[in-house]
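Visitor: Could you take me through one part of this model closely? I would like to hear about a single helix and the contacts around it.

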Amino acid sequence: MGFLAVVTLIAILMTQPPLPAAPIQRDMLTLDDGSGLRYAIAVPEGYDGTRPVPLVLALHFGWGEALPSNYSAVFLEILVEPALRDLGAIIVAPLCPARSWSQPASERAVLALLEHVRATYRIDDDRTLVTGFSLGGMGTWYWASNHPELFTAAVPMASVPMIAQVDESGSETVRRYVEAGGIDWPDGLIEMPMYVMHSVDDELIPIAPVQRATAELRELGANVEFLAIDAGIGHHETPRYVPYLARAVPWLQEIWEEGR
């Protein structure tokens with residue numbers, strides 16, 4: 001992370017309410033095939049299991065050739081935990097075991113992790129969220145589309161909509177929303193409350209197709225909020241999304257209250 005990004009993150013965090021940060025732990029889950037899934041988890045201060053709490057699945061952004069073992073913990077530290085702290089949620093961030101969140105290996109691993117978290121902690125099934133940034137944002141679109149039974153809201157950031165699976169090799173068989181045309185929106189996604197965030201100045205993923213996609217979903221009756229961030233934020237300036245992701249907290253609380 002560059003010096004400017006670090007300075008920006010510090011300035012942003014200083015504007016947040018003075019609540020204690022949830023300690024971020026790193027752990028490993030052994031999967032059925034004997035492999036291990038690394039993940040980071042933030043458990044809110046004061047959690048004692050006496051009452052159910054929200055659950056957030058946080059999907060990290062992409063990477064280069066090597067994926068550091070602390071990658072998902074860093075994602076929690078620089079964006080998701082400070083932004084969503086007021087939810088009082090358990091936030092779990094797996095380390096992607098493949099090249100995308102939609103590959104079968106990733107899907108199997110994340111499903112196992114969610115089952116493990118639900119068995120370990122008291123989770124309020126009416127207050128569950130999937131969120132992610134860039135690659136993780138595409139994963140958010142995918143998981144909201146293909147596993148709507150697991151979540152009651154979705155917040156994709158800095159990403160193009162994606163609803164189809166890729167094969168084990170990661171070959172480009174993914175259906176994405178592009179300027180040439182849309183995609184057939186699954187019923188589960190249309191019924192999922194979504195808060196979509198994208199920077200006007202994203203140089204990697206243009207905002208226009210994302211705007212059109214959200215407009216299509218609204219025409220189909222979907223509950224979709226769209227936040228166009230006009231603050232000079234480039235695609236790789238992830239920490240600068242903190243105050244914008246924090247805007248989703250009252251929206252989520254209202255959505256969850258209405259769903260009860």
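Guide: Here is a close look at helix H2 and the side-chain pairs that go with it. This is a predicted model, in which local features need pLDDT of at least 70, side-chain atom pairs count only at pLDDT 80 or more, and totals for chains, interfaces and linings use all residues. Residues are numbered from 1 along each chain as its sequence is written, and side-chain values use heavy atoms, with hydrogens and water left out.

Let us start with the helix itself. Helices (H or I, at least four residues) and strands (E, at least two) are DSSP runs numbered from the N terminus. H2 covers residues 71-84, and its 14 residues should span 20 Å at 1.5 Å a residue, which agrees with the 19 Å between its end C-alpha atoms; the expected span is 1.5 Å times one less than the number of residues. H2 also bends by about 50° at Glu77, where the bend is the angle between axes fitted to the seven residues ending there and the seven starting there.

Next comes its surroundings. H2 is mostly covered, with 12 of its 14 residues buried; buried means under 20% relative accessible area, exposed over 50%, and partly exposed in between (1.4 Å probe, protein chains only). Among the buried residues are Tyr71, Phe75 and Glu81.

Glu81 brings us to a charged contact. Its side chain meets that of Arg85 in a salt bridge, at 2.7 Å from N to O; the term stands for a side-chain nitrogen of Lys or Arg within 4 Å of a carboxyl oxygen of Asp or Glu. Glu81 is buried, with a relative accessible area of 5%, while Arg85 is partly exposed, at 22%. The structure holds 4 salt bridges.

Tyr71 and Phe75 lead to the aromatic side of the picture: together with Phe61, Phe133 and Tyr241 they form one aromatic cluster. Rings of Phe, Tyr and Trp (its six-membered ring) pair if their centres lie within 6.5 Å, and planes under 30 degrees apart count as stacked, over 60 as edge-to-face and the rest as tilted. The structure holds 8 aromatic pairs. One of them joins Phe133 and Tyr241 edge-to-face, with 4.8 Å centre to centre and 85° between the planes. Phe133 lies in strand E5 (residues 123-133) and Tyr241 in the loop between strand E8 (224-229) and helix H7 (242-246), so this pair ties together parts that are 108 residues apart in sequence. Phe133 is buried, with a relative accessible area of 1%, and Tyr241 is buried with a value of 1%.
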